[in-house]
Number of protein chains: 2
Amino acid sequence: MAPRPLTKPRKDASQKRSRATVDALVEATARVLVKEGFDKASTNRIAGMAGVSIGSLYQYFPSKEALVAAVIDRHQRDVQRAVRAELAEAMNLPLEKAVRKLVAMAVKAHRVDPKLHRVLAEQIPRMGKLEDSGAFNRENYASFRDYLERHRDALAVGDLELASFVCVTAVEALTHNAVLAEKLSDKEMDALTDHTTRLIVRYLKA
Amino acid sequence: MAPRPLTKPRKDASQKRSRATVDALVEATARVLVKEGFDKASTNRIAGMAGVSIGSLYQYFPSKEALVAAVIDRHQRDVQRAVRAELAEAMNLPLEKAVRKLVAMAVKAHRVDPKLHRVLAEQIPRMGKLEDSGAFNRENYASFRDYLERHRDALAVGDLELASFVCVTAVEALTHNAVLAEKLSDKEMDALTDHTTRLIVRYLKA
DNA sequence: ATAAAAAGCGAGCCATTGCTCATATTATAT
DNA sequence: ATATAATATGAGCAATGGCTCGCTTTTTAT
């Protein structure tokens, strides 16, 4: 039995040279996605932009999808890093403060490489089951539900599942669209944060 | 000057045979988009599904984009037809009734061929300037703003531009996501309509 | 020093894409 | 009936896509 042909893509990059190659490929994928869009992001182009041969690309990534998945993964890590601490804090605040903090968090999250975020948001749905992709949102969703449950008494809504859906969906859409508009000043973003907070608080509060 | 070579795509389909061909192509495009997704929707496949030769396709549509644009156009006409009358009615109702009607309208609009709607919603942003595409939304947006202006006294918000953005974005996202979830019963959809109405009304009302 | 393993290379295969064009068929007008 | 315009056809081209494979270079281990 041959010692596993070299052409089957490996996953591990044991030497630092190869780790650099992998990083360059992920970075190049993100850059190409933003600059050219998903359709024009061919593996050859990505390899070129990374300064790496197409052969090397396929040593570490079995497919174009795998490459995009790696970019998504990295992006989500970045967002999580920017946000996780604050999320924990918010859990112990009273309703209005908590909501305001969550909205601010959502804005911050969307401001981590917004152009990449846009491309990914457009592409993820059609990539079918990219299992991890929803995990982050699901986690935030669960956290929020949890918060509502703990503060049940202060709320005027009975169905917390539905309430979570309403709040998370609305906040996500508002911040997403606002950040993508790009032309918004800081003052306008503050106004939006105020309004979004008010929207959610009034909806929830008894 | 040659009498315009036959290979340059025409636009008009003067005989009914050709009108049928055009219809079949638009219909086939919609069907392929839904069944195979945008990436797999090649012109050859579309022509095949329409039972029309690839040559004929290019007599009426200069490009794949034109085909998709025609589908978008047709879909938007369908939605408008399903909704326009009610929109006018809503304009003369008091706040809560009006909002409830608008939310119900949004649900109805999203239920016109939801699978097609999903594909189009994913694809339109990346088709760059597909000018007419936003027109429908912009019209609804303007109508809503108009309503707010006329009922200014009953509202607790000053910035009507921002308020319109908040309301339209939230309602659109909620109905869009809810309809795409697909697994929702009528009862659940009613609950969602209630909650969405409440969300908007509480946000707006003094 | 040397052999083996790891990493890198890129010409090129094969499938598919959007699309053209020379030709054939059908409709309309006289 | 016949000429002309309208419509339909599909083989096939040029471009591009994802990806493989035989090979070279670099690193690591002994």
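This passage describes a predicted model, taking up in turn the relation between its two protein chains, the surfaces near its two DNA strands, and some local features of the chains.

The arrangement of the protein chains is considered at the outset. In general, two copies of a chain are related by a rotation about an axis and a shift along it. In this predicted model, chain B is superposed on chain A by a rotation of 180 degrees with 0.0 Å of shift along the axis, and the RMSD of that superposition is 0.1 Å. This is the relation of a two-fold axis. Within chain B, the C-alpha nearest the axis belongs to A170(B), at 2.4 Å from it. The interface can be described in the same terms, since 100% of the interface residues of chain B are also interface residues in chain A, so the copies meet through the same surface.

Attention then turns to DNA strand C, which is surrounded by 27 residues, the closest of them being T21(A), G55(A), S56(A), Q59(A) and Y58(B). Of the atoms of this strand that come within 4 Å of the protein, 65% are accounted for by sugar and phosphate. One contact to the phosphate is made by S53(A), a backbone N or O atom of which lies 3.1 Å from a phosphate oxygen of DNA strand C. Bases are also approached: a polar backbone atom of G55(A) is 3.3 Å from a base nitrogen of DNA strand C, and an N or O atom in the side chain of N44(B) is 3.2 Å from a base nitrogen of that strand. Both chains contribute to the surface near DNA strand C, with at least two residues supplied by each of helix 1 (16-40) and helix 3 of chain A and by each of helix 2 (43-50) and helix 3 of chain B. Helix 3 of chain A provides the largest share of this surface, namely five residues. When the residues of the surface near DNA strand C are sorted by class, eight are nonpolar, 15 are polar and four are charged.

For DNA strand D, there are 25 residues around the strand, and those that come nearest are Y58(A), T21(B), G55(B), S56(B) and Q59(B). Sugar or phosphate makes up 66% of the atoms of DNA strand D within 4 Å of the protein, the rest belonging to bases. Several residues of chain B approach phosphate oxygens of this strand. A backbone N or O atom of Q15(B) lies 3.0 Å from a phosphate oxygen of DNA strand D, an N or O atom in the side chain of S18(B) is 2.8 Å from a phosphate oxygen, and a polar backbone atom of S53(B) is 3.0 Å from a phosphate oxygen. The elements giving two or more residues to the surface near DNA strand D are helix 2 (43-50) and helix 3 (54-60) of chain A, together with helix 1 (16-40) and helix 3 (54-60) of chain B. Here the largest share, five residues, comes from helix 3 of chain B. The surface near DNA strand D comprises seven nonpolar, 14 polar and four charged residues.

Among the helices, helix 8 of chain A, which covers residues 160-181, has 22 residues and reaches 31 Å from its first C-alpha to its last, close to the 32 Å expected at 1.5 Å a residue. Because 16 of its 22 residues are buried, helix 8 of chain A is largely enclosed by the rest of the structure. At the start of this helix, a side-chain oxygen of D159(A) comes to within 3.1 Å of the backbone nitrogen of E161(A). The residue that follows helix 8 of chain A is E182(A), which has a positive phi near 70 degrees.

A positive phi is found elsewhere in both chains. D113(A), although not a glycine, has a positive phi of about 50 degrees, and this residue is found in the loop between helix 5 (95-110) and helix 6 (114-123) of chain A. With a relative accessibility of 40%, D113(A) counts as partly exposed. In chain B, D113(B) likewise has a positive phi, near 50 degrees, in a residue other than glycine, and D113(B) is found in the loop between helix 5 (95-110) and helix 6 (114-123) of that chain. D113(B) counts as partly exposed at 39% relative accessibility.

A further position in chain A is A88(A), which is found in helix 4 (residues 64-90) and is partly exposed, with a relative accessible area of 48%. A88(A) and S143(A) are 55 residues apart in sequence, while their C-alpha atoms are 9.1 Å apart in space.

Methods. Residues numbered from 1 in each chain as written. Chains lettered and ligands numbered in written order. Predicted model: local features only at pLDDT ≥ 70, side-chain atom pairs only at ≥ 80, totals over all residues. Heavy atoms only, no water. Near = heavy atom within 4 Å. Polar contact = N/O pair within 3.5 Å; in protein donor to acceptor, adjacent residues only side chain to side chain. Helix = DSSP H or I, 4+ residues; strand = E, 2+ residues; numbered from the N terminus. Nonpolar A, V, L, I, M, F, W, Y, C, P; charged D, E, K, R; others polar. Buried < 20%, exposed > 50% of the residue type's maximum accessible area, 1.4 Å probe, protein only. Least-squares fit on C-alpha atoms with pLDDT ≥ 70 in both. Contact = heavy atoms within 4.5 Å. Expected span 1.5 Å × (residues − 1).
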